[in-house]
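I want to look up how the parts of this structure meet. I will keep short entries and take one contact at a time.

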Amino acid sequence: MGPVHHDLAGEPTFEPMIQIDMEVRTFVSAWRHCDYVSTYMARMISQNRSDSVRHSNLFSSAFNELLEVAFRTRHADGELACRVSRHGATDRIELTFPCLPEERQFYQEAVSQVAGFEARERYLNSVSGDLAPSREVVLLELAVDYNATLRVEEADGDAVKLVVDLPLEGLEH
Amino acid sequence: MSPYNLLPRFKAQYDANNQEFSISGVVRPQAIDELGPSLTLLRDAIGRVRGVLYVNVRRLTQMNNAAFHVFSRIIIDACRARPELKFVVITSSVVGWTSRKFGRLSGIEPNITVEEYDSQFYPGQGFLEEGGFVPILRTQTKMTWRHERAILRRHGMRPGIVMADICCGIGDFAVLVQKEFQPSRIVALDHSISSLNYARRVMREFDIRGIEYTYGDASEMLLDEAQFDLVTCRHSLQIFNRPELILKELYRICKPGGRVYITNEKNSHCLGEPRAESIGWTYNEVAKLFGYFEMDVELGPKSRRYLIEAGFEDIRVETFMVTNLDGDPQDFADVIEAWANVYAGEMAARRGDGPEFVARFRQGFQDHIFAALHPKGYAGWPIWVASGRRPQ
Ligand SMILES: C[S@@+](CC[C@H](N)C(=O)[O-])C[C@H]1O[C@@H](n2cnc3c(N)ncnc32)[C@H](O)[C@@H]1O
């Protein structure tokens, strides 16, 4: 692994790997887009991982869930931007998509819950519960099963940006 | 991106004999209705079984949370309704997320257990897979490469191709191919983590590029279909009790018009002079010993049949003999010594062979070494090479 770069704020520098932008309207016109985009990007960014096939499978699995979350946005105007960057063993997904203000609020709350202690507990309860997995549970699962860390960042206009760090290279077999 | 494929990309099956429900492929529905028939099948299966229901997700490459939730709920509900029923979910260590995700279920219901399948893949795995065989594999590949570097051209090897080496071991063959033929990409797959670690270390230390080592099970690979111009699988079909399953996978990942290249032995044909008789006896016994562990080290000449039955065309078969005259005779002797240690050592002991047999068995190897190092001697190890083209 290369030398660790830090920018002024002390946050390590993530090198950009790939970006895909598309109209949200186009994106939400077919469910299969989630699968295609996640599979395609997973393949592209996994080639120089120590185990490209396994990495790509894991990455696609996690990324698809995020895209499915974005798919359910209630604000179908504007751009969806998916960006992947890398720092050492960690891949960062930045997913920006239009949403209503109350949805943004919702994501902020959901993400702060993910960081909580009982994340695992709550995830297990949801699996045995009656309700189909909510967007919150999906985010929770990323933390529980993929050791992801999540945060919400400001985005321009009526949009939200989910930033998800995935340390897949370090997940044991 | 590829055009839309409207066929369902997953398959659910129930095998009543084994009480096993299996689901495979990519399961990423938008709405749960898309899973209707599979869910019904699972519910029916639960209704019919007694004791244990096996849920096989080994070939489940992807499943989204929505689908995971409904399948899990059916199983969890069944545990609550029928406390006498047990579920065993069989995952694969190769598909990274399955063990983690399905593993959670046992924390919810004690009647659900989750097992990773691959710990005992093929009979005799323990002898060959971990550690001990590494030095032998290195020397073997060095010896076979002298022949194969010329032979490979007749079986589809050329610069710029995309190739896969399945059951790549410690990766020496991939490295040699990379240097000699410069394919544009090599995917090298094996199921031994220690071999792969070794291969990756070599790649780093020698700054080799273009080889992607990947952990996987040759009988069910995560690799996409029809993507390789050449798929090689060396000395490995012979260690599986069902080589046709592996061949099917090699066929699947090979491009139409591309070729699958396999090498195998016929151990009973190893030979030497002087002391031919003792050598011949021992290698006949080697074949039987492997047979006892369900491995067919006599497979070489059967390659043609296997390739035809797997659907290949334009089949080419040839043989070559690695001998003590190829290079340093000591290399040959070292390989035999290593075989003797494993075959007349651990394997014979596992079969329960007595000391008398083991002594005679060992003697044949010693005689083979004697022949190899003898100034007028000759010692040989024959290999069968075969390849076939996947029809367009
Ligand atoms: C006899 S070695 C041959 C290795 C190499 N091709 C060579 O010629 O040196 C067999 C190899 O098959 C691998 N293997 C065994 N079972 C496997 C499986 N199910 N999937 C992939 N590889 C497997 C072993 O780890 C081992 O490296």
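**Entry 1: between the chains**

How many residues of chain B are in contact with chain A? I found 44 residues of chain B in contact with 43 residues of chain A. I note here that the model is predicted.

Next I looked up the area. Chain A and chain B bury about 3600 Å² between them, and carbon and sulfur atoms account for 48% of it.

**Entry 2: charges and polar pairs between the chains**

I counted seven salt bridges between chain B and chain A. One of the pairs I looked at is A:Asp130 with B:Arg73, which form a salt bridge with their closest N and O atoms 2.6 Å apart. That distance of 2.6 Å passes the rule, because a salt bridge needs the nitrogen within 4 Å of the carboxyl oxygen.

For polar contacts, I got 28 residue pairs across the interface of chain B and chain A, both residues being at pLDDT 80 or more.

Which elements of chain B each supply at least two residues to the side that touches chain A? I listed two strands and four helices of chain B:

- strand S4 (60-63) and strand S9 (211-215);
- helix H2 (65-81), helix H3 (96-103), helix H4 (105-108) and helix H8 (193-205).

H2(B) gives the most to this side, with eight residues. By class, the side of chain B that touches chain A has 21 nonpolar, 12 polar and 11 charged residues.

**Entry 3: inside chain B**

I then turned to the domains. The domain assignment splits chain B into domain 1 (3-116) and domain 2 (125-389). Their C-alpha centres lie 37 Å apart. Six residues from domain 1 of chain B and eight residues from domain 2 of chain B take part in the contact.

The two domains of chain B bury about 610 Å² between them, with 52% of that area from carbon and sulfur atoms. Which three residues supply the most of what domain 1 of chain B buries against domain 2 of chain B? I noted B:Arg58, B:Arg59 and B:Val94, which together supply 73% of that area.

**Entry 4: charges and polar pairs between the domains**

I found two salt bridges across the interface of domain 1 of chain B and domain 2 of chain B. B:Arg58 came up again: its side chain meets that of B:Glu220 in a salt bridge, at 2.4 Å from N to O. I also counted two residue pairs in polar contact between these domains, both residues at pLDDT 80 or more.

Last, I sorted the side of domain 1 of chain B that touches domain 2 of chain B, and it has two nonpolar, two polar and two charged residues.

Note on methods
Residues are numbered from 1 along each chain as its sequence is written. Chains are lettered from A and ligands numbered from 1 in the order in which they are written. This is a predicted model: local features need pLDDT of at least 70, side-chain atom pairs count only at pLDDT 80 or more; totals for chains, interfaces and linings use all residues. Side-chain values use heavy atoms; hydrogens and water are left out. Domain bounds come from an automatic or database domain assignment. Contact means heavy atoms within 4.5 Å. Buried area is the accessible area (1.4 Å probe) that two parts lose on being put together, summed over both. A polar contact is a pair of N or O atoms within 3.5 Å; within protein, one must be able to donate a hydrogen and the other to accept it, and residues adjacent in sequence count only if both atoms are side-chain atoms. Ala, Val, Leu, Ile, Met, Phe, Trp, Tyr, Cys and Pro count as nonpolar, Asp, Glu, Lys and Arg as charged, and the others, Gly among them, as polar.
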